Amino acid sequence: MKTKEARVREVLQDPTVERTPGIVTIRVWELPVRVLHWTVVAAVLVLAGTGYYIGNPYILVGSEPGFVMGLIRSIHLASAWVFSVAIICRIIWSFIGNRWSRWDQLVPVHRERRVWLWKTLGYYLFLRKEPPPAAGHNPLAGVTYLVVFVMFVVQIITGLALAALANPQGVLWSTTGWVFSLFAIQTVRLVHHLIMWLTIGFVIHHVYSAVLVDIEEKSGLVSSIFTGYKRLPIDRL
């Protein structure tokens, strides 16, 4: 892992970085990261809404309410494919993107990020005044997103396996039917349902903490997921 001095020097040599006394404006989030982020957000909203309806069909229309359920299931499955492709693309980008979007920003393989993991926890618990020196994901947020990615992968597998039940001779069943050799159908449904609620809880906390940290640090955290740019003190790099 590069030293802090080497990282700062590398960032400051980037011609896209704008400098004012003590402050740098840098493009942290590349366009693919932002597009994939908002694609996942849109897919999660549709999946949560349609998924809730599938579990609790509160609208019965006309003489054939099964049509509504079929329509909702189709939207849910289409959104699931969009969600799956976006997650796969984001995982691929974690190997080819810039330093702030790479996999080692989520998996704490470097000693420095492991040390700052606990210091960041202390910052959130009001035991430290200084925020962690992170332009992208701080170490604690990175580990949190790693857990979320694992949840998303489990959600994709369980969801596609449940969809495959409609056609036990189909391609989907041949790739995901193994799930039911390990777990009962009701267990798979329960896990899929629980992850939906955990995801909703994460989204609420994610938005709240992003706004809170943005106000406190004044780094443009919220706007950065639209523009890609953050304004940071040089010692935060």
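The paragraphs below lead through a predicted model, from one helix to a pocket, a pair of strands and a small loop region. Local features need pLDDT of at least 70 and side-chain atom pairs count only at pLDDT 80 or more, while totals for chains, interfaces and linings use all residues. Residues are numbered from 1 along each chain as its sequence is written, and side-chain values use heavy atoms, with hydrogens and water left out.

We begin with helix α2, where a helix is a DSSP run of H or I with at least four residues, a strand is a run of E with at least two, and both are numbered from the N terminus. Helix α2 has 25 residues and reaches 36 Å from its first C-alpha to its last, close to the 36 Å expected at 1.5 Å a residue, the expected span being 1.5 Å times one less than the number of residues. Among its buried residues are Val33, Leu36, Val40 and Leu47, where buried means under 20% relative accessible area, exposed over 50%, and partly exposed in between, with a 1.4 Å probe and protein chains only. The buried residues of α2 pack against α3, α5, α8 and α9.

Helix α2 also takes part in the second largest pocket, since α2, α3, α5 and α8 each supply at least two residues of its lining. A pocket is found on a 1 Å grid over the protein atoms alone, as an open set of points with protein on both sides within 12 Å along at least five of seven lines, and lining residues have an atom within 4 Å of a point. This pocket has a volume of about 870 Å³, and of the 30 residues that line it, the closest to its centre are Ile54, His76, Gly159, Leu162 and His192. Helix α3 gives the most to this lining, with eight residues.

Turning to the strands, β2 and β3 pair in the antiparallel sense over five bridges, where pairing requires that DSSP finds at least two bridges. In β3, Arg231 is the bridge partner of Thr25. Along β3, Lys230 and Leu232 point to one face and are buried, while Tyr229, Arg231 and Pro233 point to the other and are not.

Finally, Asn138 lies in the loop between α4 and α5, and this residue is buried, with a relative accessible area of 11%. Leaving aside its neighbours within four places in sequence, Asn138 is in contact, meaning heavy atoms within 4.5 Å, with Arg113, Thr120, Tyr124 and Pro132.

How values were computed: 1 Å grid on protein atoms, 1.4 Å probe; cavity = no way out; pocket = protein on both sides within 12 Å on 5 of 7 lines; lining within 4 Å. Points joined across faces, edges and corners; volume = space filled by probe spheres on them.
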